[in-house]
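Please open the structure in your viewer and keep the sequence panel visible. The tour proceeds by selections, each followed by a description of what is found there.

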Amino acid sequence: MIKKNTVEIWLAHLGENCSSTLNFRGFLSKDELIRLENYRIPVLAERFLFFRGLLRVILSDYLSVAPQEIVFMNDSNGKPRIQEPLKFNVSHTENFFCAAVSTDFELGIDIENIDRKIELAPLVKRFFSEKEFRSWDSFPEKEKATAFFRCWTRKEAYLKTSGVGIAGLGDIEGSFEILDSKPIVDIKHPMNTEEFIFHEFGIFPKILGTCSINLKNSIKAPKVKIREWRFR
Ligand SMILES: CC(C)(COP(=O)(O)OP(=O)(O)OC[C@H]1O[C@@H](n2cnc3c(N)ncnc32)[C@H](O)[C@@H]1OP(=O)(O)O)[C@@H](O)C(=O)NCCC(=O)NCCS
């Protein structure tokens, strides 16, 4: 089981040479196998198998059960959960996967590709406040993508912590600044005064991620441990 007062963040990349992913099929539930069969695009099916199978393998180790024995349930917000005391949250983008796991803290996690070729200004205008737009726009051109995804992943991770999801995006304001490795408590949420920590991490040069940790009921900040999954 995971140590007390600890958050473990697992990172993985589905590259070539991942034939062991095929074994993951036997770990999936009936519903997951149906979801797998419904993917029409092979690369998306392969990613789903990888993401879900790997999640089961990682969680099963903490719970000391077989990967296929894990039962996922969605709470009233649609956030996936498993048996107490373990708490987890997952994010994936392209071939990249991450999962945050803890027994003590409610968690949300998000990763994004900062090299994605998209027009950012319309997104900031649409999803962020006027004040945030001015702050983002003041960054030098070459730093704008990182600043955008830094704030975006903080917000999404925060909203995934409670399970609200991006539906709550309009209710929060965040900062675009790098805040060293110190705990970051910079989201201003009018409805929520609980204390959060935002732990930023990178996977390969182009992927940026944030894990949001709700400190409620905790007297001290957690130890965050980054772990990388490697196929043998
Ligand atoms: C959940 C959500 C934030 C995912 O964002 P995304 O950038 O598309 O995807 P990510 O890769 O970061 O995260 C996906 C994972 O988040 C988890 N997730 C799903 N719903 C979630 C929720 N409500 N809260 C937290 N995590 C959630 C799942 O594990 C999912 O992985 P899976 O698709 O393999 O099962 C987004 O889809 C969303 O906001 N959904 C709406 C939630 C909502 O409005 N709920 C209220 C309904 S009552």
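How many residues surround the ligand, and which are the closest? Select the ligand in this predicted model together with its surroundings: 16 residues surround the ligand, and the closest are Lys79, Ser91, Lys160, Gly165 and Ile166. By character, this shell divides into 5 nonpolar, 7 polar and 4 charged residues. Two elements, β4 (87-93) and α5 (144-162), each supply at least two residues of the shell. The most comes from β4, which gives 4 residues.

Next, select α5. This helix has 19 residues and reaches 28 Å from its first C-alpha to its last, close to the 27 Å expected at 1.5 Å a residue. Is the helix mostly covered or mostly uncovered? It is mostly covered, for 16 of its 19 residues are buried. Move just past the end of α5 to Gly163, where phi is positive, at about 95°.

Continue to Leu169, in the loop between α5 and β7 (196-203). Leu169 is partly exposed, because 17 other C-beta atoms lie within 10 Å, whereas a buried residue would need 20 or more. Leaving aside residues up to four places away in sequence, Leu169 touches Phe127, Lys155 and Leu159. Add Phe128 to the selection: Phe128 and Leu169 are 41 residues apart in sequence, yet 7.9 Å separates their C-alpha atoms in space.

Now turn to the largest nonpolar core, which has 46 residues. Which of its members touch the most other members? They are Leu54, Cys98, Ala99, Ala100, Leu107, Phe148 and Cys211. At least two residues of this core come from each of β1, α2 (42-63), β4, β5, β6 (106-113), α5, β7 and β8 (207-214). The helix α5 gives the most to the core, with 9 residues.

Select Cys98 to view one of these core members with its neighbours. Not counting residues up to four places away in sequence, Cys98 touches Ile9, Trp10, Leu11, Ser91, Ile109, Ile111, Ile203 and Gly209. Ser91 has appeared before, among the residues closest to the ligand.

The next selections concern the backbone. Most residues other than glycine have a negative phi, and most peptide bonds are trans. Select Glu84 and Pro85, which are joined by a cis peptide bond with omega of about 10°. Pro85 is placed in the loop between β3 (80-81) and β4. Then select Glu94, in the loop between β4 and β5 (96-102). Glu94 is not a glycine, but its phi is positive, at about 50°. Asn5, in the segment before β1 (6-13), also has a positive phi, near 60°. Are these two residues buried or partly exposed? Asn5 is partly exposed, because 15 other C-beta atoms lie within 10 Å. Glu94 is likewise partly exposed, with 15 other C-beta atoms within 10 Å.

Finally, colour the chain by pLDDT. The mean over the chain is 87, and 88% of its residues reach 70 or more. Among the elements, β4 has the highest mean, 97, and β7 the lowest, 86. Select residues 181-185, where pLDDT stays under 50; the model has 8 contacts beyond four places in sequence for this stretch. Where pLDDT is low, the predicted coordinates should not be read in detail.

Conventions: Residues numbered from 1 in each chain as written. Predicted model: local features only at pLDDT ≥ 70, side-chain atom pairs only at ≥ 80, totals over all residues. Near = placed C-beta within 6 Å. Nonpolar A, V, L, I, M, F, W, Y, C, P; charged D, E, K, R; others polar. Buried ≥ 20, exposed ≤ 12 C-beta atoms within 10 Å, placed from the backbone. Core = buried A, V, L, I, M, F, W, Y, C linked by C-beta atoms within 7 Å. Contact = placed C-beta atoms within 7 Å. Expected span 1.5 Å × (residues − 1). pLDDT = per-residue confidence, 0-100.
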